[in-house]
Amino acid sequence: MTAAPWHDVGLRTVTPAFLGRFDTFSPEPARMPFPVPTLRGVLAYWLRALAGAHIGNRTGVLHDVESAVFGAARQRDSGGPSAILLRAGTVLVQEYIPRPGDHGVRYLLGPGLTNVKEPPARCLLPGPLVLRVKNAGTPAHADLFLAALWGLRTFGGIGARTRRGVGTIAIDDVPSLGGNFDRAWLTRDTVSDLDPVLSCVKTAISELSLTLSGGPADGETPRYPCFAPGRYQLSADDEDELTRATNPTAALDLAGTWLRDFRHGANRRLAGSGPAHHSQTYTNVAQPFLDHHPQTGPLTAGALGLPIPYSDHQGPPRQDDPARHAQRTAMVDVMISGKPARRASPLWLRVRQDGPGWRLRSLAFHAEWLPSDAKLRITAGHRTEPVAIRPTDDEIQAELTRWFVP
């Protein structure tokens, strides 16, 4: 029997991607292997999102779909090697130091990638990325892999996704791996292909007989991010032009500015709408806590992820300059099963090139915000209090919907 061949994928990065941090400060670029496990992990995320439209909340079946394509630790009656094998070449990375004026870029990336006190982020600049793939399974395995790759190209990004938006990829050439997946879906980059991609995924799952596994009832609403009807929102391809942006950095800077202003109450599609000096959650949650007052409103900013840092300059007068006040800081985070946890933002932002210009594609999943046993808290120094007013599911969904409202 002839072994399955390796195929080259014509893949390139369109915006910078971030692959961890350098160990030390060094201005010299460095060559490193591209982290294939990271790529496999984000592909699995998009496969779950697509498969979830047909599986519902049957997480056992969802695990079967994922492990069928990307492998899993072998158990007595499940698991095994990946049907899809990936190889990548080395990439050249360099230090990323944000320019002083790139406020939107800095906000989009977050302090984890822009803290100048730590070794800088390893930045992969736009350009070709060597990727090879082998299908050791059936045509249905190839269909599910290519669908996951479509989700990554259409909505997501590679590398660090702290604020989303970075690591946009383009796919110029797709090898034939067999199956029903239309390779044109991967090269033309449009959200209108979501329905046929979902249909292809459904057929592939059926061909692998994975829907026969047990699990919760089919009608149960999915609690995880997926493309089930009513569980997501996305922007039209022609909706958000990043005006006057002529390069990836300028496009990311404007997208980051939109996100920051949005979190401070602005409507980016309403002329004259500007951000407030402080966000609603600062006013309702952080400021009362710092002033030793009761909370006055819900933690709606948590809709876009946790933890959330806050700071102001309303502390006591500074000794070196009594006309100015000291900075106060607070952190809102979440505890699950007694341990600090994170809640990733369900809002995916993808900066993409559109001819000579740039546009922003947005996707939001309406998944379970936090499990019922999660406990919200706010901390400043050694002082910690519970966040008393937790936002409802409707308030969380309304905050996400506000990003898309014309």
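This passage describes helix H2, the pairing of strand E6 and the surroundings of Asp-253 in a predicted model.

Helix H2 comprises residues 59-70, and because a rise of 1.5 Å a residue should give its twelve residues a span of 16 Å, the separation of 16 Å between its end C-alpha atoms agrees with expectation. Within H2, the buried residues are Val-61, Leu-62, Val-65, Ser-67, Ala-68, Val-69 and Phe-70. The packing partners of these buried residues are helix H1 (36-55), helix H5 (139-155) and helix H7 (194-207), together with strand E4 (84-88). Just after the helix, the backbone of Gly-71 adopts a positive phi of about 80 degrees.

Strand E6 (residues 121-124) pairs with strand E2 (residues 17-21) in the antiparallel sense, over three bridges, and Ala-121 of E6 is the bridge partner of Arg-21. Strand E6 also pairs with strand E5 (residues 90-96), again in the antiparallel sense but over four bridges; here Cys-123 of E6 serves as the bridge partner of Gln-94.

Asp-253 is located in helix H8, which covers residues 248-263. When neighbours within four places in sequence are left aside, Asp-253 is in contact with Gly-101, Asp-102, His-103, Gly-104 and Val-105. For Val-105, the backbone nitrogen lies 3.0 Å from a polar atom of the Asp-253 side chain.

How values were computed. Residues numbered from 1 in each chain as written. Predicted model: local features only at pLDDT ≥ 70, side-chain atom pairs only at ≥ 80, totals over all residues. Heavy atoms only, no water. Helix = DSSP H or I, 4+ residues; strand = E, 2+ residues; numbered from the N terminus. Polar contact = N/O pair within 3.5 Å; in protein donor to acceptor, adjacent residues only side chain to side chain. Contact = heavy atoms within 4.5 Å. Pairing = 2+ DSSP bridges. Expected span 1.5 Å × (residues − 1). Buried < 20%, exposed > 50% of the residue type's maximum accessible area, 1.4 Å probe, protein only.
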